[in-house]
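This report covers the fold of one chain and the surroundings of one residue in another. The model is shown below.

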There are 2 protein chains.
Amino acid sequence: MIDRLVEKIKQTEAPIVVGLDPQLNFIPEQILAKSYREFGETLEGAADALFAFNKEIIDATSDLIPAVKPQIAMYERYGIPGLIAFEKTVSYCREKGLVVIGDVKRGDIGSTSAAYADAHLGTVKVGNNTIAPFGEDFATVNPYLGTDGVKPFVDVCKSHDRGIFVLVKTSNPSSGEFQDRLIDGKPLYEWVGEKVNEWGADTIGASGYSDVGAVVGATYPEMGKVLRELMPKAYILVPGYGAQGGQGKDLVHFFNPDGLGAIVNSSRGIIAAWKKEEYAKFGAEAFGAAARAAVLDMKEDIREAIASA
Amino acid sequence: MIDRLVEKIKQTEAPIVVGLDPQLNFIPEQILAKSYREFGETLEGAADALFAFNKEIIDATSDLIPAVKPQIAMYERYGIPGLIAFEKTVSYCREKGLVVIGDVKRGDIGSTSAAYADAHLGTVKVGNNTIAPFGEDFATVNPYLGTDGVKPFVDVCKSHDRGIFVLVKTSNPSSGEFQDRLIDGKPLYEWVGEKVNEWGADTIGASGYSDVGAVVGATYPEMGKVLRELMPKAYILVPGYGAQGGQGKDLVHFFNPDGLGAIVNSSRGIIAAWKKEEYAKFGAEAFGAAARAAVLDMKEDIREAIASA
């Protein structure tokens, strides 16, 4: 699956993933009003608005980008109807040819991790039928439980040509509380990074990259530099650009000299662009066009940063 | 919420939680056949069987136990219909007066963790309505992202009288890969345990325990002993009894001298008891009665272990 992502990144010349993390306050009034009219101020109403909003963002940006990353928490928040909107979002993005990274941060042990892996990346058997429940291409995975927790995901990556991104160094302010602590002179995130290499060792594709990638926050560029070198085969999914404070120049070290090796996520910087002064001229009606403009600006910001590195 | 759990444990004299982690191969043929007849060999069929199975287990055991712990992965595996079965299981257990611990192991950052906390423990606003999406009493939480990831759950515990159990030392064989590594001479799980104290410091109930508890595996009794002393106010949720190898005598150190402070989970040891030689006499038809017998045996095993400690 990593080869398909790399191919799409080359095609679009955009190492960019749009985070589909909708919140109701990002959604223009005309969409909310329509959904509430049809379904009431209910979970169904909220979920209908989430999907309608996503659809317009996707329609406006899908030719520019290789991938999207729906954050499942933003859908799970609205219960079953919300999760139906997640599922519809995944399907719609796949129809549009986008690579879908399910930001699910699941992680458990043995048969339980296998159940999550089946749900998001694989298939389940029911009687004589084989069914793919959610059908993402990639999922994010939490490593705290160790190899037992991650291995079932890697197995499904192999059997179903899928990929994962393991949390190594997250973008949030308190990520250092545990992740930065020194163990035999090396921070925990480096130990996790070494495991990422091990877990992905026999999933290297024709692109030279592994189906087992890593999450490393844009907000920690110096650590990104170290981790880039430590995990040469791992694609790095980089959250924290834009709203969380990461800038183009911070991203340079996440990439390899060939301009590959990293894909940068922006969520509210794109999907809620219409609410920012910079893109206010588009207005609430044209929030999709605002998102498109924000994608183009982000693409240029990253291109310039890489070029001047 | 911890006070309610402690009250129920005293009432039932059973520091036991039944793990509702159904797999299709635990479910007797008569239930599967009925569900497939009605819904086909589909996700809906599988989900219907999961709920019908749970219902019979709950009916057979709910007077003996204080709490259940549905593992959401086992439902998520069957997509949206599976998650509907999860939701129905949570509701049914609450109707029966059981405390419901959603074993969801969620954890993310800031507004994303807040979304998970709203989904499982809190409420969401849609227009003028306030709705509780899944409605568990407790949830399990992964600490790898640090305070940013856990704090939003603690906030919802306070505003909605709910509780969490934070993964400290998990029961699986490779949990030591990261959790046991020494940081300034102390294993990571102790550092996490200290944070559990901090996170829970202002959620101490009348019982003397905190709404912020900890998960510590029965398979590591010596570490349990250390963690019991390190986190005096934290209730410990203990997985790994039974199928994973933990025994009554291993559990002694997880309890305080008053017999409180820990609640021990058994999943397949109870719900799939009918498939074990020991309870085979009940037969597939009476799988609920087999589960009841297994609960009574587990209760006695733990009682004896505590008494002889």
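In this predicted model, T203(B) makes contact with V154(B), K158(B), Y209(B), S210(B), D211(B) and V212(B), leaving aside residues up to four places away in sequence. The residue sits in a loop of chain B, between helix α9 (188-200) and strand β10 (212-216). One of its contacts, V212(B), falls at the start of β10 (212-216). T203(B) has a relative accessible area of 8%, so it counts as buried, the cut-off being under 20%.

Turning to chain A, the fold comprises 13 helices and 12 strands. Its radius of gyration is 19 Å, close to the 19 Å given by the globule rule for 309 residues, so chain A is as compact as a globular protein of that length. Along the principal axes, its C-alpha atoms fill a box of roughly 60 × 55 × 35 Å.

Of the contacts in chain A between residues at least 6 apart in sequence, 73% join residues at least 24 apart. Burial and surface values for the chain are tabulated here.

| Property of chain A | Value |
|---|---|
| Buried residues, share of 309 residues | 64% |
| Exposed area | about 10500 Å² |
| Share of exposed area from carbon and sulfur atoms | 51% |

How far apart are the mean positions of the positive and negative charges of chain A? Chain A carries 32 positive and 42 negative charges, and their mean positions lie 1 Å apart.

How values were computed
Residues are numbered from 1 along each chain as its sequence is written. Chains are lettered from A and ligands numbered from 1 in the order in which they are written. This is a predicted model: local features need pLDDT of at least 70, side-chain atom pairs count only at pLDDT 80 or more; totals for chains, interfaces and linings use all residues. Side-chain values use heavy atoms; hydrogens and water are left out. Helices (H or I, at least four residues) and strands (E, at least two) are DSSP runs, numbered from the N terminus. The radius of gyration is taken over C-alpha atoms; the globule rule is 2.2 Å times the number of residues to the power 0.38. Buried means under 20% relative accessible area, exposed over 50%, partly exposed in between (1.4 Å probe, protein chains only). Contact means heavy atoms within 4.5 Å. Accessible areas come from the Shrake-Rupley method with a 1.4 Å probe; for residues, only the protein chains shown count as cover. Lys and Arg count as positive and Asp and Glu as negative; His and the chain ends are not counted. The place of a charge is taken as NZ of Lys, CZ of Arg, CG of Asp or CD of Glu.
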